[in-house]
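Grab a pencil and work through these exercises with the structure open beside you. Try each task before you read its solution.

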Amino acid sequence: MAKTFFVTGTDTEVGKTFVSAALLHAAAAMGKRTLGLKPVASGCEQTPEGLRNEDALALQQYATVKLPYAQVNPVALEPAIAPHIAAQQAGRTLSAPRLVGLCRGALMTPHDFSLVEGAGGWLTPLNPREYLSDLAAMLDIPVILVVGMRLGCINHALLTVEALRGRRLKLAGWVANQVSEETMPQLSDNLETLSARISAPCLGVVPRAEAPDSPSVQTALRLAPLFEV
């Protein structure tokens, strides 16, 4: 049975896509057929083929199951702003049930391991009543939390974990991603604090690297707990 996870982050720009791509590559190295989705993306660029988002393209690149771009990223919005505001400007309405249908359609493609990546943090609004977290809840899939290791990450991570618990969603694991070129001061102390307060397994402490398939990144990841969920 395929394993599917929702990937969220403690904030925007914490490396969700980098970690997602690294997880897809690691799963592929285990012989798994992999698939990555970015249902909603803002900050897309106009190309001859239409709007394209670099995060969605990265997921498409690192997945072994090659879906059409429109299935990887069905809602592509140009301004690099909050998705619900970008949608309003484009005269569109975002809907969690509609996104669920689009994701389920793509996930019907045969595969072993798939990731549905959010946008921004856990409570990114879709419309006046719904959040991207509703997509994870309606899909009823476990969540992987990417923690951007910088000042404030402990508070942001624990708030996200608390919000997940409130929705009765399972946290499959968390990844500590070193987002800055300079190592975070007291990194080991921060990791120890997070590990002591988050009951889900740490899937890796990902170093700063140029590419998700870098050996330093791949050796840092631990996927085994994801196949035990």
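Two strands count as paired if DSSP finds at least two bridges between them. Keep in mind that this is a predicted model.

**Exercise 1. Work out the order of the strands in the open sheet, and find which strands stand at the edges.**

Step 1: Trace the sheet from one side to the other. It is an open sheet of 6 strands, in the order β2-β7-β1-β8-β9-β10, and the pairing is parallel.

Step 2: Look at the two ends of that order. β2 (34–37) and β10 (202–206) each have a single partner strand, so one side of each is left without a neighbour in the sheet.

Step 3: Check the twist. From one strand to the next, it averages 20°.

Step 4: Zoom in on one pairing. β9 (residues 171–177) runs parallel to β10, and 4 bridges join them. For instance, tryptophan 174 has cysteine 202 in β10 as its bridge partner.

**Exercise 2. Find which strands helix α1 and helix α5 touch as they pack on the sheet.**

Step 1: Start with α1 (residues 16–29). This helix touches β1, β2, β7, β8 (143–148), β9 and β10, and its direction makes about 175° with that of β7.

Step 2: Move on to α5. This one touches β1, β2 and β7, and its direction makes about 160° with that of β2.

Step 3: Pick a residue in α1, say threonine 17. Is threonine 17 buried or exposed? Its relative accessible area is 11%, and buried means under 20%, so threonine 17 is buried.

Step 4: List what surrounds that residue. Leaving aside neighbours within four places in sequence, threonine 17 is in contact with Lys38, Asp55, Ala58, Leu59 and Glu117.

**Exercise 3. Describe the nonpolar cores, starting with the largest.**

Step 1: Recall the background. In soluble globular proteins, nonpolar side chains tend to be buried together.

Step 2: Size up the largest core. It has 47 residues, and Leu135 and Met149 have the most contacts inside it. Helix α5 (residues 96–107) gives the most to this core, with 6 residues.

Step 3: Follow leucine 135. Not counting neighbours within four places in sequence, its contacts are Phe6, Pro39, Ala96, Leu99, Val100, Cys103 and Val116.

Step 4: Look for another core. There is one of 24 residues lying apart from the largest, and its members include Phe5, Val14, Ala27 and Val146.

**Exercise 4. Classify the aromatic pairs that involve phenylalanine 5 with phenylalanine 113, and phenylalanine 6 with tryptophan 122.**

Step 1: Know the total. The structure holds 3 aromatic pairs.

Step 2: Take phenylalanine 5 and phenylalanine 113. Their centres are 5.9 Å apart with 45° between the planes, and the pair is tilted. Phenylalanine 5 lies in strand β1 (residues 3–9) and phenylalanine 113 in strand β7 (residues 113–121), so the pair ties together parts that are 108 residues apart in sequence. Both residues are buried.

Step 3: Take phenylalanine 6 and tryptophan 122. Here you get 6.1 Å centre to centre and 80° between the planes, which is edge-to-face. This pair links strand β1 to the loop between β7 and α6 (132–139), 116 residues apart. Phenylalanine 6 and tryptophan 122 are buried too.

Step 4: Join the rings up. Ring pairs link Phe5, Phe113 and Phe227 into a cluster. The ring of phenylalanine 227 also has the charged end of lysine 32 sitting over it, 5.0 Å from its centre.

Conventions
Residues numbered from 1 in each chain as written. Predicted model: local features only at pLDDT ≥ 70, side-chain atom pairs only at ≥ 80, totals over all residues. Heavy atoms only, no water. Phe/Tyr/Trp six-rings, centres within 6.5 Å; stacked < 30°, edge-to-face > 60°. Helix = DSSP H or I, 4+ residues; strand = E, 2+ residues; numbered from the N terminus. Buried < 20%, exposed > 50% of the residue type's maximum accessible area, 1.4 Å probe, protein only. Lys NZ or Arg CZ within 6 Å of the ring centre and 35° of its normal. Core = buried A, V, L, I, M, F, W, Y, C linked by side-chain atoms within 4.5 Å. Contact = heavy atoms within 4.5 Å. Axes fitted to C-alpha atoms, helices over the stretch in contact; angles between N-to-C directions.
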